[in-house]
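User: Hi, could you walk me through the empty spaces inside this protein, and then a few other spots?
Analyst: Gladly; here is the model to look at while we talk.

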Amino acid sequence: MTLLIGIDIGTSGSKGVLVRTDGTLLAQASREHATATPRPGWAEHDAQTVWWRELTELSAELLAAAPAGEPIGAVGASGIGPCLLPADADATPLRPAILYGVDTRAGEQIAVQRERYGERRVLERCGSPLTSQAIGPKLAWVREREPEVFARTRRWFMASSYLVHRLTGAYVLDHHSASQCTPLYDLRNGGWIEEWCEEIAPGLVWPRLVWPAEVVGEVTPWAQRATGIPAGTPVIAGTVDAWAEATAAGAIAPGDLMLMYGSTMFLVDVVDVARPDPRLWSTRGAFPDTYCLAAGMATSGAVTGWLRDLTGTGYDTLVAEAAAVAPGAEGLLMLPYFAGERTPLFDPDARGLVLGLTLRHGRGHLYRAALEATAFGVRHNLSVMEAAGGDIRRVTAVGGGARELWTRIVSDVTGRTQDVPRYTTGAAYGDAFLAAVGTGRAEAADIAEWNPVAHTVEPDPATAGTYDELYRLYRELYPATRDAAHALAARQHATADGPASQGVSATSRRGGRSTAR
């Protein structure tokens, strides 16, 4: 039997899997790493000491578990995105990678590009609005704020494309990742917008565009010495982790929606045609001729990690105490915007809020209110996706946080059944499956056999009245407090104008996407 390796680089941890071509999971390995936050609103990774080093370590550990006589047939890699790693002509990184929408440093550049290209024109051509998720403003920020770095920049990478380059020497980017590079990629035509690319980042060499499952090269002898993977092993292009995860979960056809529970919450709804909406991201899918509506909350499991660290209490205790609290957390309501909010608000200066506190409330109430807040955020995003034309027929729950209490609360709040597949932490598993597809060992539809549904989570009708009322209050709370939140955010930004310091978030120190349950 032939073996496949999948490697995924996450925000606060990386994971690798060793899989047979029939889908059997033979081995897993993981590493934790920090996300550097040198200033508020900044989020960075060092590509060589985090991305590449962890791939080499994970590969060695997985290869040690490989059964004798079973060769490695292909490698796939995914990673956080969209992110920006500037590199010189030799592909040597010139600074730490600037991460996806959690990094909000390019606010001025977003405003300039909105004015220059027009919000409506960008949305229609690129599929997504200009927000902190976009690559174009981040490139402009490097050009303007770090001119000495930009002067040496000739190439740029995301996490998956950097790993592919180190393994094979290929300079490529998959169409899905490119479709998150607003305003640089034409969603419907499937290519770089050359005049905007040259205006925003003159002098760069742009990566060749491919599909995630496409074989783009082979492991080089140099990469074999670093990783142990045999030279000549085919390597696919890979993609952004959430789309690898969606593939692993079987969200590959119109009507399928993946709900990924992690430090942030991410939603991918597969649709039949491009459906741009200013409140969402519209992207290419993991496979040709597919599109997606995507949504992402800035925090979800990160808030539960904050509560764990704040109280000094382990997750098992917090979950047990929250489960003992009735739906509605005895009158507590939380806004989970502890790091601003992405979709559908696109407001980096939104802030977290807990309303209704009394001396009666304890940590279990707060923990349940946090889980319910993320569920209200999911419901908000689902309603916007359907208004944009998404036809959501099946919801699949994945990610490290897809545990009993959290998924049950989300089903109760949204009124939707969730399918939970056999493997729920599946970006790396999705990489292995895409490698099987790319080398002709599987077809897209085979994922249903690779990763079948293990169980379903059904909503409890008895909770509907409580959660409908609280959801109404949740939707009213943000506009009622927005001005005050923005004023406080301005004070926080002003306070942060002193000397920069290196830091990591509480969830980053722990590793993994989330351990909330």
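**Cavities, a helix pair and a loop residue**

Analyst: Please keep in mind that this is a predicted model. As for the largest cavity, its lining, sorted by class, is made up of seven nonpolar, eleven polar and three charged residues.

User: How many cavities of 30 Å³ or more are there?
Analyst: There are four cavities of that volume or more in the structure, and the largest of them has a volume of about 200 Å³. Its lining is formed by 21 residues, and those closest to its centre are Thr11, Tyr100, Asp241, Met260 and Thr264.

User: Which helix gives the most to that lining?
Analyst: That is helix α10, which spans residues 241-248 and gives three residues to the lining of the largest cavity.

User: And what is the volume of the second largest cavity?
Analyst: The second largest cavity holds about 80 Å³ of space. Among the residues that line it are Trp243, Ala246 and Thr247, as well as Val268, Val270 and Phe287. Helix α10 again has the largest share, with three residues, and both α10 and strand β17 (266-271) supply at least two residues each.

User: What classes of residue are in that second lining?
Analyst: By class, nine residues in the lining of the second largest cavity are nonpolar and three are polar, while no charged residues are found there.

User: Okay, α10 keeps coming up. At what angle does it pack with α15?
Analyst: Helix α10 and helix α15, which covers residues 427-438, pack at an angle of about 75°, and their axes are 7 Å apart. Angles of 65 to 115 degrees count as roughly perpendicular, so that is how α10 and α15 are described relative to each other.

User: Which residues meet there?
Analyst: From α10 the residues are Asp241, Ala244, Glu245, Thr247 and Ala248, and from α15 they meet Ala427, Tyr429, Gly430, Asp431, Phe433 and Leu434. Sorted by class, this contact has six nonpolar, two polar and three charged residues. Asp241 therefore appears in two places in our talk, since this residue of α10 is in the contact with α15 and is also one of the residues closest to the centre of the largest cavity.

User: New topic: is Thr182 buried or exposed?
Analyst: Thr182 has a relative accessibility of 3%, and because buried means under 20%, this residue counts as buried. Thr182 sits in the loop between α7 (175-178) and β10 (185-186).

User: What is Thr182 in contact with, leaving aside its neighbours within four places in sequence?
Analyst: Its contacts are Val122, Cys126, Ser128, Pro129, Leu130, Ala134, Ile135, Gly136 and Pro137.

Methods
Residues numbered from 1 in each chain as written. Predicted model: local features only at pLDDT ≥ 70, side-chain atom pairs only at ≥ 80, totals over all residues. Heavy atoms only, no water. 1 Å grid on protein atoms, 1.4 Å probe; cavity = no way out; pocket = protein on both sides within 12 Å on 5 of 7 lines; lining within 4 Å. Points joined across faces, edges and corners; volume = space filled by probe spheres on them. Helix = DSSP H or I, 4+ residues; strand = E, 2+ residues; numbered from the N terminus. Nonpolar A, V, L, I, M, F, W, Y, C, P; charged D, E, K, R; others polar. Axes fitted to C-alpha atoms, helices over the stretch in contact; angles between N-to-C directions. Parallel < 35°, antiparallel > 145°, perpendicular 65-115°, else oblique. Contact = heavy atoms within 4.5 Å. Buried < 20%, exposed > 50% of the residue type's maximum accessible area, 1.4 Å probe, protein only.
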